[in-house]
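Trainee: I have just opened this one and would love a guided look. Could you walk me through it?

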Amino acid sequence: QVQLVESGGGLVQAGGSLRLSCAASGHTFSTAAMGWFRQAPGKEREFVARISSSSDSTYYADSVKGRFTISRDNAKNTVYLQMNNLKPVDTAIYYCALDRTRAQLVARIREPSEYDYWGQGTDVTVSS
């Protein structure tokens with residue numbers, strides 16, 4: 001069983017930056033893709049970013065391209081989300097998720113149902 005714990009959220013003014021971390025337990029991390037999702041009040045959980053197990057591939061939602069960067073440190077079993085130029089629309093609970101699927105279809109990487117483990121989330125609030 002894999003456990004994921006997010007941290008690094010908080011309150012920041014528009015234009016500011018935050019770096020989220022997600023620490024994973026277990027042996028699956030180094031061979032699994034990791035994703036970040038977010039969920040704003042009253043909205044569905046939405047895809048933010050994904051990184052492959054070896055960091056050779058990354059994917060981003062259009063809404064965060066150029067502002068957010070996903071990275072990972074397999075030696076530390078940790079995935080990061082560097083968020084720059086934050087906007088009020090980025091306000092949400094941010095979740096990290098682990099996808100064990102090898103050779104995952106690109107068409108499926110944005111679907112929460114494709115991910116096997118989830119963290120508890122960390123709050124990000126961006127004020128105007």
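Mentor: Let us go through a hairpin, some backbone angles and the core.

Mentor: This is a predicted model, where local features need pLDDT of at least 70, side-chain atom pairs count only at pLDDT 80 or more, and totals for chains, interfaces and linings use all residues. Residues are numbered from 1 along each chain as its sequence is written, and side-chain values use heavy atoms, with hydrogens and water left out.

Trainee: Which residue in the turn between β7 and β8 has a positive phi?

Mentor: Strands here are DSSP runs of E with at least two residues, numbered from the N terminus, and two strands pair if DSSP finds at least two bridges between them. β7 and β8 pair in the antiparallel sense over six bridges, and D73 stands opposite T78 in β8. Four residues lie between the two strands of this hairpin, and the one with a positive phi, of about 50°, is N77.

Trainee: Is N77 buried or exposed?

Mentor: Buried means under 20% relative accessible area, exposed over 50%, and partly exposed in between (1.4 Å probe, protein chains only). Contact means heavy atoms within 4.5 Å, and leaving aside neighbours within four places in sequence, N77 is in contact with C22, A23, A24, G26, F29 and S30. A polar atom of its side chain lies 3.3 Å from the backbone oxygen of G26. With a relative accessibility of 17%, N77 counts as buried.

Trainee: Which residue in the loop between β9 and β10 has a positive phi although it is not a glycine?

Mentor: Most residues other than glycine have a negative phi. In the loop between β9 and β10, the residue with a positive phi of about 55° counts as exposed at 76% relative accessibility. That residue is A103.

Trainee: Which face of β7 is covered?

Mentor: In a regular strand the side chains alternate between the two faces of the sheet. In β7, residues 68-73, the uncovered face has T69, S71 and D73. The covered face has F68, I70 and R72.

Trainee: Which strand gives the most to the largest nonpolar core?

Mentor: A nonpolar core is a set of buried Ala, Val, Leu, Ile, Met, Phe, Trp, Tyr and Cys residues joined through side-chain atoms within 4.5 Å. The largest has 36 residues, and M34 and W36 are among those with the most contacts inside it. β3, β4, β5, β7, β8, β9 and β11 each supply at least two residues of this core. The strand that gives the most, with five residues, is β9.

Notes: A polar contact is a pair of N or O atoms within 3.5 Å; within protein, one must be able to donate a hydrogen and the other to accept it, and residues adjacent in sequence count only if both atoms are side-chain atoms.
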